[in-house]
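Open the model in your viewer and show side chains as sticks. Keep the selection box at hand.

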Amino acid sequence: MYQPDVSEGKAADFAFGGIRALQKAGYEHPPASEYALVYEGTLVCEVQQDDAIRLKLVAARYSGELPADYHGRSVSPSTVIEFFDENGRRYFYCDGNDKFLPVKFSPKLAKDKRERH
């Protein structure tokens, strides 16, 4: 999971906004260099579930009361969720209210903000 990097007290113009805020800031896709990897985990789900159902599961799990090993913010507009499975890597931009849009994303450009123990 990737979220806009706000660690230095500043946030990108599109942070916490939907796709229109991203476009208004001049981007077609989220600029990975403005993001931080905040969580990496495994989602166990049924094979026949499509990405839309999986995205709803992720949004529900990482909203409200967050798990102890999760160090990001609740899933909110501008969060990018990556799925990696036998079908490859796919990225989705949270546009708000459990609405996710497929986007291009370059994770190698994102900062890694996960806490290491």
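This tour goes from strands to a helix, then to charged side chains and a pocket.

**Stop 1: the strands**

One note before you start: this is a predicted model. Select residues 80-85, which form strand β3, and residues 88-96, which form strand β4. The two run antiparallel, joined by 6 bridges. A hairpin of 2 residues takes the chain from β3 into β4. To check the register, pick F84 and look across to β4: its bridge partner there is R89.

Now add residues 99-103, strand β5. β5 pairs with β4, again in the antiparallel sense, over 5 bridges. For the register here, pick Y93 in one strand and L101 in the other; the two are bridge partners. The hairpin between β4 and β5 also has 2 residues between the strands. Select N97 in that turn and read its phi: the angle is positive, about 50°.

While the strands are on screen, look at where their side chains point. In a regular strand the side chains alternate between the two faces of the sheet.

**Stop 2: helix α2**

Select residues 51-61 to bring up helix α2. Which residues of α2 are buried? They are D51, R54, L55, V58 and A59. Turn the view so that you look down the helix axis. The buried residues fall within an arc of 140°, so they line one face of α2. What do they pack against? Their partners are β3, β4 and β5, the strands of the previous stop.

Rotate to the face turned away from the buried side. K56 and A60 sit there, and both are exposed.

Next, center on L55, a residue of helix α2. L55 counts as buried because its relative accessibility is 4%, and the cut-off is under 20%. Show what surrounds L55. Beyond its neighbours up to four places away in sequence, L55 touches I81, F83, F92 and F100. Put a distance label on L55 and F100. Their C-alpha atoms are 7.5 Å apart, although the two are 45 residues apart in sequence.

For contrast, pick I53, also in helix α2. I53 has 40% relative accessibility and counts as partly exposed. Label the distance from I53 to L66 as well. These two are 13 residues apart along the chain, yet 20 Å separates their C-alpha atoms.

**Stop 3: the charged network**

Hide the hydrophobic side chains and color by charge. Side chains of opposite charge can pair when their charged atoms come close. How many salt bridges does a search of the whole structure find? The count is 6.

Select R90 and D51. Their side chains form a salt bridge, 2.8 Å from N to O. R90 belongs to strand β4 and D51 to helix α2, so the pair ties together parts that are 39 residues apart in sequence. Is R90 buried or exposed? R90 counts as buried, at 18% relative accessibility.

Move on to R54 and D85. This salt bridge has an N to O distance of 3.4 Å. R54 lies in helix α2 and D85 in strand β3, so here too a pair ties together separate parts, 31 residues apart in sequence. R54 is buried, at 13% relative accessibility.

Now link the pairs. D85 also forms a salt bridge with R90, and the closest N and O atoms are 2.9 Å apart. Select D51, R54, D85 and R90 together: salt bridges with shared partners join these four into one network.

Stay with R54 and add Q49, which is found in the loop between β2 (35-37) and α2. Apart from neighbours within four places in sequence, Q49 is in contact with R54 and L57. Q49 is buried, with a relative accessible area of 18%.

**Stop 4: the largest pocket**

Switch on a surface and find the largest pocket. About 620 Å³ of space lies inside. Its lining has 23 residues. To center the view, select G41, L43, E82, F83 and F84, which lie nearest the pocket's centre.

Color the lining by element. α2, β3 and β4 each supply at least two residues. Which of the elements gives the largest share of the lining? That is β3, with 5 residues. F83 makes a good last selection: F83 lies among the residues nearest the pocket's centre, and L55 of the helix touches F83 as well.

Conventions:
Residues numbered from 1 in each chain as written. Predicted model: local features only at pLDDT ≥ 70, side-chain atom pairs only at ≥ 80, totals over all residues. Heavy atoms only, no water. Pairing = 2+ DSSP bridges. Helix = DSSP H or I, 4+ residues; strand = E, 2+ residues; numbered from the N terminus. Buried < 20%, exposed > 50% of the residue type's maximum accessible area, 1.4 Å probe, protein only. Contact = heavy atoms within 4.5 Å. Arc of directions from axis to C-beta. 1 Å grid on protein atoms, 1.4 Å probe; cavity = no way out; pocket = protein on both sides within 12 Å on 5 of 7 lines; lining within 4 Å. Points joined across faces, edges and corners; volume = space filled by probe spheres on them.
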